[in-house]
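Me: Please take a close look at the largest pocket. Which residues lie nearest its centre, and which helix gives the most to its lining?

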Amino acid sequence: MELCREAYVRKSQTGRGQVLVLYEAEPAELADLNSRQCDIIPVSVCCLSRIGHTDLLHSLASGFDVIHMQVCASEQDIPHQRREVELVQALGGLGRVLVFDRDTGLSRRLAASVFPFPSVTPDVLAMGSRRDTARASAAALLPASMDRVSLPDQAPYGSISLDEELCNHCSSCVWVCPSDALSFTENGCELSFVESQCFQCGLCITICPQRALSMEAAMDLSAAAVLPHLLAGRNDNLGNVEETASGPVQAEDPS
C-alpha cells in the first residue's frame, strides 16, 4: 500500500511512467537504472507465488503503469502465477503485467517507453476486503461503460444460474455455501444470490442432486453485484411471487 502511494505521488508530481519490477533473484540489469526514461522501482519478494491478482490490480490502478514480474522459482507455482496474471489481463491490465524468465535479460523491456495511465488514490481502492479491492481496481482500469467482464475458467468471481424446472428446493446448495452467497428469502420459497460474495468454489454445483445449478466466471462491476438477487421464484402454495431479473430481493410478507 505504501509503495503504491509513493508511485501515485511521484507520477502526479513528475508525470513520469512508473515501472514496478518484482523478483526473487535480482536481475543483473537492475544495476543500471539512471538512463531510463521512467521511474523503475525494483522490489525483492521472498515468495512470488504469494503475489496475487488483487496485488497486481491494485498496483496498476493506483500508480504503477507496468509491472515486470519474475517467473516463480518453483515449477509447481508457475501455473498458479500464470492464472493470476491471466486474470489481471482480463480485468483491465492487458499488456501491463509482463513475466520475465530468470535466464533472459530485462534491458530491452526496461528501455521501452512507458506512457503513464490514469491512477486512482490508493486509499480509495484499498477499502474493504481483498475482493472489494480487486473489484474497485478493475472498475478503475476498465472503461466506465463496461459493467460486466467475462473471466477465464476457475476465476474466483462469477454468477450462478438456476434451472427452476429442475430445482426441488432441497436447500443443499444454501447449507453448503461457504461464503453465504446463496440464501433463501424470508418466505422460504425463493433462492437469492449475492455475486460479490461468490468464490466460484463449485460446492453448490457438486451437491445439487437435481443438477439445477451452473456457474459462469465473470465479474459484475455494477453496484448490483453487492446486493442479493433472485435466481428464480417458486410459487407452490405460499402465494404468488414475481420473478425479478435484477435488483435487491423484496421478501414477501407470509402473513
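Reply: Start with the surface. The protein chain exposes about 13400 Å² (Shrake-Rupley, 1.4 Å probe). Carbon and sulfur atoms supply 51% of that area. This is a predicted model, where local features need pLDDT of at least 70, side-chain atom pairs need 80 or more, and totals for chains, interfaces and linings use all residues. Numbering runs from 1 along each chain as its sequence is written, and side-chain values use heavy atoms, without hydrogens or water.

Now the pocket (an open set of points on a 1 Å grid where a 1.4 Å probe fits, with protein on both sides within 12 Å along at least five of seven lines). The largest one has a volume of about 300 Å³, counted as the space filled by probe spheres set on the points. Its lining comprises 17 residues (an atom within 4 Å of a point). Nearest the centre lie Met-1, Cys-4, Asp-55, His-58 and Ser-59.

H2 (53-62) gives the most to the lining, with five residues. Helix H1 (2-14), strand E1 (18-23) and helix H6 (130-141) also supply at least two residues each. These labels are DSSP runs (helices H or I, at least four residues; strands E, at least two), numbered from the N terminus. The whole protein chain has eight helices and ten strands.

One residue within the H6 range deserves a look. Arg-131 lies over the face of Phe-199, at 4.4 Å from the ring centre (CZ of Arg or NZ of Lys within 6 Å of the centre and within 35 degrees of the normal). Elsewhere, the charged end of Arg-96 sits over the ring of Phe-117, 3.8 Å from its centre.
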